[in-house]
Amino acid sequence: MHDYSNNHNRHATVPALLVDELSVSFSMYGRGTAKADLDAIRALSLDVMPGELLAVVGASGSGKSVLAHAVMGILPKNARVGGRILYRGEPLTEKRLGALRGTEIAFIPQAVDYLDPLMRVDRQVIGTRGTRAAQEEIFARYRLAPEVGRQYPFQLSGGMARRVLFATAAVGGDVKLVVADEPTPGLGPDLCAKMMNHFRQFADAGAGVLLITHDVDLALGYADRVAVFYAGVTVEIATAAEFASGGAALRHPYSRAFADALPQNAFRPIPGRQPYAGGLGKGCPFFDRCTERRTDCASGDVPMRALRGGKVRCLHAT
Amino acid sequence: MRLNAKLVAAPAARMVLLLICVTVLSFLLVANAPIDPLTMYVGTESTLSDAAKAEIAEHWGLDDPLPERYLIWAKNALHGDLGTSITYKRPVADILKERFALSIWLMMLAWVFSGILGFLLGIAAGVRQGTAFDRAVKVFCLILQSAPAFWIGLLVLSFFAVRLGWFPIGMAVPMGKLAADVTLADRIHHLILPVLTLTVVSIGKITLYTRQKTVETMDSEYILFARARGETRGQIVRRHVVRNVALPAVTIQFASFSELFGGMTLAETVFAYPGVGSATTTAALNGDVPMLLGAVLIGAVFVFAGNLIANILYGVLDPRVRERGDYA
């Protein structure tokens, strides 16, 4: 277990990224011409400080990938976005995003499918914002042989492909925010550890890293803080140390149950299923499955609030 | 590049097989058609005696069994002798040579124009999927695709040649002009309307196809990633869309030689353009078996060549195929 809490950058006051009550819904055509709005994210709040690695964890279907796409401004046209996204204290408008994507703000996607299958790797890494010199230097840093640049994406091995994706993030130069969407599935433990080290390097160099993952276990070893996501809502933000020590130190009943379900802790499953974000009304989304629920949890707003150095979205957490 | 046996031998074998099948089938069709080649040759009002007719039939081998007749034809064809056209009273090989030279200009110009215009239009519509422009392009192409080629030809003819009088109503050179006096400008002037017609006939397919591929590409993860890396729409189109759409578009354009040949036949007939297409129509109407078989042969070779080029190009242009070294 690493302890990164002493990282000096964490004392910076302006978050690299601040997401405040973000909501994302997709308008879909239902039966006939009826239009329905599908909620993917209902209320998401988190912040990533410079030099910090924040892991966003949650079961699949909790809306994690949509968060990454919302920050990067690559949601489909039928998406409706509410709430605020601030980058270094200023709203991340479309115009600002257009200038920052690929330079200060980098996106690391899941798989090699995100590379153009018909373009050689070096040209893709350079993209429209990098230089040949930067690409060569970064290839050396990620131990990618120069020949790899002349290859096409389909020729890359799994590990090489991931390093190329990291290289695309680093080539812009002055990276201040890294958004990564499920970067590790399908990789062996060694490769996963290498990936996480690369993320850690970005953070240690002063960038804020937003790491969206379902591999909590892996992330805990490298993250500073963890945001727990449930049914389109952030229910808790805690330090990685609190999370790793098991459920007791956590604030929200779901995150406690989530931590207890981890193999190295009690390995105890949570009964019931995560509700679909769109099917939820008012009140706490965990209401159905919560062992500590009270009548007022079922209705009314449940705001995010500060508690014991972390944040929680629960009316009764102490 | 490895020019392995698989690349050359397999298509060659397929080609031979195709030519045999096509010619046998045409032979059977013509032999069973209600047209008597002898009557077509001597004319219905002929005063020739029955004995003389029988002699001609004997000379042509019309009473021989069909397989034997086919084999004789095939043997001669292998030696470059496609027989003598009944309609034109000249060797079929010579007629085809002359006329194909005219038709190939018509086809290739229309092919290039429809390919380039259709590709650009398809991309322009595809990246604007769902807009009024996109819908207009789609409707326009669907109308063109469902309109018969000869009808479009007649519209073009009646508007540009008859109403406006800008272009001649037919033929490849001015009527009554000596062959020696015909200029290149004359030829081009006569070629414009048939080319326009054939272009319009061919453009719908390639445009709709390119548009569809563009829409699929724009929905892909690598375009999403390109956007996330700050590429503008123009950059995305130039760097990724053109590259990824050109590959299938070029292939489909080569593979559409059959439609091109069919369209050419109709366009030539409407404009009385003396190419292979109009010769084919004339031959079919006159029961001119040697001419018809020759035209079928050249059509089959042409279409096969298009498909072959499409296959080979895919191997050359697509790195996923090329770098692995195995061709489909």
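A residue counts as buried when its relative accessible area is under 20%, as exposed when it is over 50%, and as partly exposed in between, using a 1.4 Å probe and protein chains only. By that rule, 43% of the 328 residues of chain B are buried.

Before going on, a word on how to read the names and values. This is a predicted model, in which local features need pLDDT of at least 70 and side-chain atom pairs count only at pLDDT 80 or more, while totals for chains, interfaces and linings use all residues. Residues are numbered from 1 along each chain as its sequence is written, chains are lettered from A in the order in which they are written, and side-chain values use heavy atoms, with hydrogens and water left out.

## Chain B as a whole

Let's start with the helices and strands, which are DSSP runs numbered from the N terminus (H or I of at least four residues for a helix, E of at least two for a strand). Chain B has 14 helices and zero strands. Its C-alpha trace spans about 85 × 55 × 35 Å along the principal axes. Contact here means heavy atoms within 4.5 Å. Among the contacts in chain B between residues at least 6 apart in sequence, 72% join residues at least 24 apart.

## Two helices with a bend

How does the span of a helix compare with what is expected? The expected span is 1.5 Å times one less than the number of residues. The bend at a residue is the angle between axes fitted to the seven residues ending there and the seven starting there. Here are two helices of chain B side by side.

| Helix of chain B | Expected span | Span between end C-alpha atoms | Bend |
|---|---|---|---|
| Helix 7 (residues 149-163) | 21 Å | 20 Å | about 25 degrees at Leu157(B) |
| Helix 8 (residues 184-218) | 51 Å | 45 Å | about 35 degrees, centred on Ile203(B) |

For helix 7, the span agrees with the expected value. Helix 8, in contrast, spans only 45 Å where a straight helix of 35 residues would span 51 Å, and this helix has a kink centred on Ile203(B).

Helix 7 deserves a second look. Its buried residues are Ala149(B), Ile152(B), Gly153(B), Val156(B), Leu157(B) and Ala161(B). What covers them includes helix 6 (132-146), helix 8 and helix 11 (257-270) of chain B. Just after helix 7, Gly165(B) takes a positive phi of about 70 degrees.

## Aromatic rings

Rings of Phe, Tyr and Trp (its six-membered ring) pair if their centres lie within 6.5 Å; planes under 30 degrees apart count as stacked, over 60 as edge-to-face and the rest as tilted. A search of the whole structure finds 21 aromatic pairs over all chains. One of them joins Tyr70(B) and Trp73(B), a tilted pair at 6.1 Å centre to centre with 35 degrees between the planes. These two residues are about one helical turn apart, because they sit three residues apart in helix 4 (residues 66-78) of chain B. An α-helix has 3.6 residues a turn, so residues three or four places apart point the same way. Both Tyr70(B) and Trp73(B) are buried.

Phe159(B) and Phe160(B) form an edge-to-face pair, 5.1 Å centre to centre and with 85 degrees between the planes. Phe159(B) counts as partly exposed, at 39% relative accessibility, and Phe160(B) is partly exposed too, at 23%. Elsewhere, Phe100(B), Trp111(B), Phe254(B), Phe257(B), Phe261(B) and Phe302(B) form one aromatic cluster.

## Nonpolar cores

A nonpolar core is a set of buried Ala, Val, Leu, Ile, Met, Phe, Trp, Tyr and Cys residues joined through side-chain atoms within 4.5 Å. The largest one has 102 residues, and those with the most contacts inside it are Leu46(A), Leu67(A), Phe199(A), Phe202(A) and Phe243(A). Helix 5 (residues 158-170) of chain A gives the largest share of this core, eight residues. Apart from this core lies another, of 37 residues, including Tyr70(B), Leu96(B), Phe257(B) and Val289(B).

In chain A, helix 9 is mostly covered, with seven of its eight residues buried.

## Where the chains meet

Which residues of chain A lose the most area to chain B? Buried area is the accessible area (1.4 Å probe) that two parts lose on being put together, summed over both. The area buried between chain A and chain B is about 2,400 Å², and carbon and sulfur atoms give 55% of it. In chain A, Tyr114(A), Leu118(A) and Phe154(A) lose the most, together 28% of what that side buries. The contact takes 32 residues from chain A and 22 residues from chain B.
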